[in-house]
Amino acid sequence: MSLSCPFCQSINIMIVEASTQQSSTTLASLVTPTTLGALGSTVAKTFNLPPIVGGIAGTVLGSVLNSFTEQSIPSQQNLCFCHNCYQKFPTHLLH
Ligand SMILES: [Zn+2]
């Protein structure tokens with residue numbers, strides 16, 4: 001692929017690291033074992049289940065949320081920045 005801007009065709013572009021860490025970090029910080037444990041016991045109380053069931057439910061929920069988090073990471077890409085037109089665009093637009 002030739003490194004040229006898809007907007008103005010300038011070759012004066014730079015690949016910049018996308019600041020993708022923030023969203024996943026925020027989500028990961030929300031999904032803590034403590035949060036999930038509390039959530040699990042709340043669910044257990046709601047459905048009148050033994051606390052161990054709530055703990056398992058919390059763990060399962062946590063792994064589901066973690067899989068979502070892991071899946072969202074590959075979709076986030078590096079960005080290119082054009083010094084000519086000041087556009088930012090994903091690297092897959094480069095052909
Ligand atoms: Zn440009």
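These are my notebook entries on a predicted model of a protein, set down in the order in which I looked things up.

**Entry 1: confidence and overall make-up**

I began with the confidence of the prediction, and found that the protein averages a pLDDT of 79, with 77% of the residues scoring at least 70. I then went through the elements and noted that β2 has the highest mean pLDDT among them, at 91, while helix α1, residues 21-30, has the lowest, at 60. I therefore kept the local readings to residues with a pLDDT of at least 70.

I counted three helices and three strands in the protein, and reading from the N terminus I wrote down their succession as β-α-α-α-β-β. I also looked up burial for the whole chain, where buried residues make up 8% of the 95 residues. For the contacts with a separation of 6 or more, I noted that 60% of them are between residues 24 or more positions apart.

**Entry 2: the sheet**

How are the strands ordered in the sheet? I found an open sheet of three strands in the order β1-β2-β3, paired antiparallel. Because β1 (13-16) and β3 (88-90) each have a single partner strand, they stand at the edges, and one side of each is left without a neighbour in the sheet. I also recorded the twist, and neighbouring strands of this sheet are turned by 30° against each other on average, with direction ignored.

I then looked at the two pairings in turn. β1 and β2 run antiparallel and are joined by four bridges, and in this pairing Val-16 stands opposite Leu-79 of β2. Between β2 and β3, also antiparallel, I found three bridges, with Cys-80 opposite Phe-89 of β3 and Phe-81 opposite Lys-88 of β3.

**Entry 3: the two faces of β2**

Which side chains of β2 are buried, and which are not? I followed the strand and saw the side chains alternate, so far as direction goes, with Cys-80 and Cys-82 pointing to one face and being buried, whereas Leu-79 and Phe-81 point to the other face and are not buried.

I took Phe-81 for a closer look, which lies in strand β2, residues 79-82. Phe-81 has 15 C-beta neighbours inside 10 Å and therefore counts as partly exposed, since that class lies between the limit of 12 or fewer for exposed and that of 20 or more for buried. Leaving aside neighbours within four places in sequence, I listed Ile-13, Met-14, Val-16 and Lys-88 as the contacts of Phe-81. I also noted the distance from Phe-81 to Asn-12, which is 8.7 Å from C-alpha to C-alpha although 69 residues separate the two in sequence.

**Entry 4: Ile-15 in β1**

Is Ile-15 buried or exposed? Ile-15 belongs to strand β1, and I recorded it as exposed because 12 C-beta neighbours lie inside 10 Å, a count that falls right on the limit of 12 or fewer. Not counting residues up to four places away in sequence, Ile-15 touches Asn-78, Cys-80 and Thr-91. From Ile-15 to Leu-79 I noted 5.8 Å between C-alpha atoms, with a sequence separation of 64 residues.

**Entry 5: positive phi values**

I next searched the backbone for positive phi, and Gln-9 has a value near 65°, although this residue is not a glycine. Gln-9 is placed in the segment before β1, and with 11 C-beta neighbours inside 10 Å it counts as exposed.

Where does Tyr-86 lie? I located Tyr-86 in the loop between β2 and β3, in a hairpin with five residues between the strands, and its phi there is positive, near 60°. Tyr-86 has 9 C-beta neighbours inside 10 Å, so I entered this residue as exposed. I added Asn-48, which follows α2 and has a positive phi near 55°.

**Entry 6: a check on helix α2**

Lastly, I checked the length of helix α2, residues 33-46, against what its residue count implies. At 1.5 Å a residue, the 14 residues of α2 should span 20 Å, and because the end C-alpha atoms are 19 Å apart, I marked the two values as agreeing.

Note on methods. Residues are numbered from 1 along each chain as its sequence is written. This is a predicted model: local features need pLDDT of at least 70, side-chain atom pairs count only at pLDDT 80 or more; totals for chains, interfaces and linings use all residues. Two residues are in contact if their C-beta atoms, placed from the backbone, lie within 7 Å. The expected span of a helix is 1.5 Å times one less than its number of residues. Two strands pair if DSSP finds at least two bridges between them. Axes are lines fitted to C-alpha atoms, for helices over the stretch in contact, and angles run from 0 to 180 degrees between N-to-C directions. pLDDT is the predictor's confidence in each residue, from 0 to 100.
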